[in-house]
Amino acid sequence: MVERRKARSPWADFLWRPVSVPVGSPSAAPWTLLDATAATALFLCRRGPRSNCNRTETTNYRNNLTSGAPTLWVALRPVASDPPYELLAVTADPAEGEAFTDAGSNLVEAVPMPPAVAEFIGRFIAAHHVERPFVKRSRQPAEPAPARRGKGCAQ
């Protein structure tokens, strides 16, 4: 679900932010207005691509679940239409959530993880987690600087 709030800024009319993730498949049409007040509006966002859990990221999922406040990261991508955003992804992996901010224009927000999603991810971790020991790579000694082949800047 995405909230639209009136902005107190001369440069923007509205501020948009994800506020929650519904569980299941909502029957309402994409971008259905669910609630509105004078200053805010709550929309059911368009259903995005199905997120798959990755077996190699179970450590990140486990750390998220054991953090005390399990979180999902919702990424919205700007589009040139109305509404001005589309759902890019929803992830339980904190590293992936942070990576969505690299584009600079994406709107990424952490929202509380619903208990049903936390249970599903807990079952996924139980089925697929493999503890991998941390291996620190030893550094190679630095190579001496190669000999100069010319006079360089000095003449």
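Q: Let me start with one residue. Leaving aside its neighbours within four places in sequence, which residues is Leu76 in contact with?
A: Happy to start there, with the reminder that this is a predicted model. Setting those sequence neighbours aside, Leu76 is in contact with Val2, Pro18, Cys45, Tyr85, Glu86, Leu87, Leu88, Asn106 and Leu107.

Q: How many residues make up the largest nonpolar core, and which of them touch the most other members?
A: The general idea is that in soluble globular proteins, nonpolar side chains tend to be buried together. Here the largest nonpolar core has 21 residues, and Trp16 and Leu76 touch the most other members. Two or more residues of this core come from each of strand E4 (40–44), strand E5 (71–78), strand E6 (85–91), strand E7 (107–112) and helix H3 (115–128). H3 gives the largest share, four residues.

Q: Which residues does the second, separate core include?
A: That core has six residues, among them Trp73, Ala75, Leu88 and Ala89. You have met Leu88 already, as one of the contacts of Leu76.

Q: Now the sheets. In what order do the strands of the four-stranded sheet lie, and is the pairing parallel or antiparallel?
A: As a general point, strands of a sheet pair through backbone hydrogen bonds, either parallel or antiparallel. In this model the four strands form an open sheet in the order E2-E1-E4-E3, with antiparallel pairing. E2 and E3 are at the edges with a single partner strand each, so each has one side without a neighbour in the sheet. From one strand to the next, the twist averages 25°.

Q: How many bridges hold E1 and E4 together, and what is the bridge partner of Val2?
A: Strand E1 (residues 2–6) pairs with E4 over four bridges, in the antiparallel sense. Val2 has Phe43 of E4 as its bridge partner, while Arg5 is matched with Thr40 of E4. Val2 is also one of the contacts of Leu76.

Q: What do E3 and E4 form, and how many residues lie between them?
A: E3 and E4 make a hairpin with three residues between them. The two strands run antiparallel and are joined by four bridges; Ala36, for example, has Ala41 of E4 as its bridge partner.

Q: How many of the five residues of E4 are buried?
A: A residue counts as buried when its relative accessible area is under 20%. Four of the five residues of E4 are buried, so E4 is largely enclosed by the rest of the structure.

Q: Which strands are at the edges of the sheet with three strands?
A: This open sheet has the order E6-E5-E7, again with antiparallel pairing. Its edge strands are E6 and E7, each of which pairs on one side only. The twist averages 25° from one strand to the next. E5 and E7 run antiparallel and are joined by six bridges, and the bridge partner of Ala75 is Val108 in E7.

Q: How do I read a helix? Which residues of helix H1 (residues 58–65) are buried?
A: Find the buried residues, then ask how they are spread around the axis. In H1 they are Thr58, Tyr61 and Asn64. These cover an arc of only 120° around the axis, which puts them on the same side of H1. Among the elements that cover the buried residues of H1 are E5, helix H2 (94–99) and H3.

Q: Is Asp93 buried or exposed?
A: Asp93, in the loop between E6 and H2, is buried, with a relative accessible area of 4%. Its side chain makes a polar contact of 3.0 Å with that of Asn60. Leaving aside neighbours within four places in sequence, Asp93 is in contact with Glu57, Asn60, Tyr61 and Trp73. Tyr61 is one of the buried residues of H1.

Q: What about backbone geometry: which residues does a cis peptide bond join?
A: For this one, look at omega. A cis peptide bond joins Asp82 and Pro83, with omega about 5°. Pro83 sits in the loop between E5 and E6.

Q: And which residue has a positive phi although it is not a glycine?
A: That is Trp31, with a phi of about 60°. Trp31 is in the loop between strand E2 (14–18) and strand E3 (32–36). At 11% relative accessibility, Trp31 counts as buried.

Methods. Residues numbered from 1 in each chain as written. Predicted model: local features only at pLDDT ≥ 70, side-chain atom pairs only at ≥ 80, totals over all residues. Heavy atoms only, no water. Core = buried A, V, L, I, M, F, W, Y, C linked by side-chain atoms within 4.5 Å. Buried < 20%, exposed > 50% of the residue type's maximum accessible area, 1.4 Å probe, protein only. Contact = heavy atoms within 4.5 Å. Arc of directions from axis to C-beta. Pairing = 2+ DSSP bridges. Axes fitted to C-alpha atoms, helices over the stretch in contact; angles between N-to-C directions. Polar contact = N/O pair within 3.5 Å; in protein donor to acceptor, adjacent residues only side chain to side chain.
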